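Student: I would like to take a close look at a single part of this protein, and I would be glad of one connected account rather than a list. Could you take me through it slowly?

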Amino acid sequence: MTRVNQSHITEFILLGFSTTPELQPLLFAFFLIIYLATLMGNAVIIVTVTMDALLHTPMYFFLRNLSLLEICYTSITLPKMLSNFLIQDRSISFVGCATQLYFFCSLGTSECFFLAVMAYDRYIAICDPLRYPLIISRRRCTLLAAGSWAAGLLLSLGQISFVFSLPYCGPNIIDHFFCDILPVLKLACADILMNEVAILLYSFLVIPVPFILILISYARIITSILKIHSVEGRWKAFSTCSSHLTSVSLFYGTATITYLRTKSNHSQESDKALALLYSVLTPMLNPIIYTLRNKEFKRSLKKLMERKKGS
């Protein structure tokens with residue numbers, strides 16, 4: 001690592017995944033395909049839900065918001081990574097790093113709350129179907145979605161301000177493919193104990209709290225499903241939750257391991273791999289997870305495509 005001969009650095013260097021020139025074109029092609037697939041898959045969900053009035057229900061309203069969030073989430077890190085592969089310039093300005101980290105944390109936080117909101121929606125739909133239209137009204141849907149977006153934007157603001165108020169005098173090399181909070185903190189020229197405590201408290205707020213709400217919702221859902229006498233009825237009720245459960249497992253599993261484990265239990269390379277799972281691969285897989293077995297969505301998509309062909 002190189003020392004910077006000044007009291008405050010103006011840029012960071014992102015090491016990324018490989019410094020071998022021969023691998024750069026291959027990595028560029030690999031991540032470009034992932035990025036395009038993520039944009040296309042989530043855009044298809046947004047357009048289909050918007051265009052088909054039959055999908056104007058709370059479940060698809062939240063799914064559309066989640067798809068928009070996934071597009072923004074991957075666009076925070078992947079374009080910069082792709083440009084690094086092409087022009088071999090791994091630098092990112094101090095302000096650019098702070099901005100990237102802020103939106104990465106805020107969107108990740110919002111996703112935690114959106115997954116909890118979607119679990120609550122499924123709980124009401126299965127456990128209290130008669131009052132579902134009254135409880136999950138259009139106004140309440142809007143408030144829950146707005147609250148999830150706002151929670152991420154506001155909760156992350158103090159955390160990131162706390163991190164970038166520290167002095168950074170060198171080295172300036174971040175051993176990651178984006179400005180993640182822990183690799184950045186390692187470069188601070190000050191005691192970071194309070195920051196580490198703040199990160200732990202923040203992580204316990206935005207990861208376990210929504211996850212506990214999800215567990216409570218599914219505990220009640222499972223109880224209700226077990227009361228259904230017919231096997232077909234049980235399977236139909238559970239199938240409406242299976243996609244969400246898969247998405248929750250992917251996102252929360254990797255995020256929890258990354259941010260709530262001790263220093264002695266991980267290496268930087270494993271951190272990169274886990275970050276790749278929840279920040280790049282999960283947003284790409286979510287459109288497949290939510291639509292692959294969804295007959296209602298596939299029917300609407302087919303109808304939309306036929307309408308486009310006929311026009």
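Which residue in S2 is the bridge partner of phenylalanine 12?

Tutor: The bridge partner of phenylalanine 12 in S2 is isoleucine 92, and this pair is a convenient place from which to work outwards, bearing in mind throughout that the model is a predicted one.

Phenylalanine 12 belongs to strand S1, residues 11-14, and S1 pairs with strand S2, residues 91-93, in the antiparallel sense over three bridges. S1 also pairs with strand S3, residues 173-174, but here the sense is parallel and there are two bridges. In S3, isoleucine 173 is the bridge partner of isoleucine 13, and isoleucine 174 is the bridge partner of leucine 14. Taken together, the three strands form an open sheet with mixed pairing, in the order S2-S1-S3. S2 and S3 stand at the edges with a single partner strand each, so one side of each has no neighbour in the sheet. As general background, the strands of a sheet pair through backbone hydrogen bonds, in either a parallel or an antiparallel way.

The side chains of S1 deserve attention next. In a regular strand, side chains alternate between the two faces of the sheet. S1 shows this alternation, with Phe12 and Leu14 pointing to one face, where they are buried, and Glu11 and Ile13 pointing to the other, where they are not. For leucine 14 the relative accessible area is 1%, and since buried means under 20%, this residue counts as buried. Setting aside neighbours within four places in sequence, leucine 14 is in contact with Lys80, Asn84, Arg90, Ile92, Ile174, His176, Phe177, Phe178 and Cys179. One of these contacts, Ile174, is also the bridge partner of leucine 14 in S3, while another, Ile92, is the bridge partner of phenylalanine 12 in S2. By way of a distance across the protein, leucine 14 and isoleucine 289 are 275 residues apart in sequence and 32 Å apart in space, taken from C-alpha to C-alpha.

From the sheet we can move to the helix that covers it. Helix H3, residues 94-127, lies across S1, S2 and S3 and runs at about 85° to S2. H3 also packs with helix H5, residues 138-164, at an angle of about 145°, the two axes being 8 Å apart. The contact of H3 with H5 has, by class, 20 nonpolar, six polar and one charged residues, and H3 passes H5 in a right-handed crossing. Within H3 lies arginine 122, which, despite its charged class, counts as buried at 9% relative accessibility. Leaving out residues up to four places away in sequence, arginine 122 touches Met59, Tyr132, Ile221, Thr240 and Cys241.

Finally, the sheet can be set within the whole chain. The protein has eleven helices and three strands, and from the N terminus on its elements run β-α-α-β-α-α-α-β-α-α-α-α-α-α. The radius of gyration is 21 Å, close to the 19 Å that the globule rule gives for 311 residues, so the protein is as compact as a globular protein of that length. Its C-alpha atoms fill a box of roughly 70 × 45 × 35 Å along the principal axes. Buried residues make up 47% of the 311, and among contacts with a separation of 6 or more, 80% are between residues 24 or more positions apart.

Definitions and conventions
Residues numbered from 1 in each chain as written. Heavy atoms only, no water. Axes fitted to C-alpha atoms, helices over the stretch in contact; angles between N-to-C directions. Helix = DSSP H or I, 4+ residues; strand = E, 2+ residues; numbered from the N terminus. Left-handed = near helix turned anticlockwise from the far one by under 90°. Buried < 20%, exposed > 50% of the residue type's maximum accessible area, 1.4 Å probe, protein only. Pairing = 2+ DSSP bridges. Rg over C-alpha atoms; globule rule 2.2 N^0.38 Å. Contact = heavy atoms within 4.5 Å.
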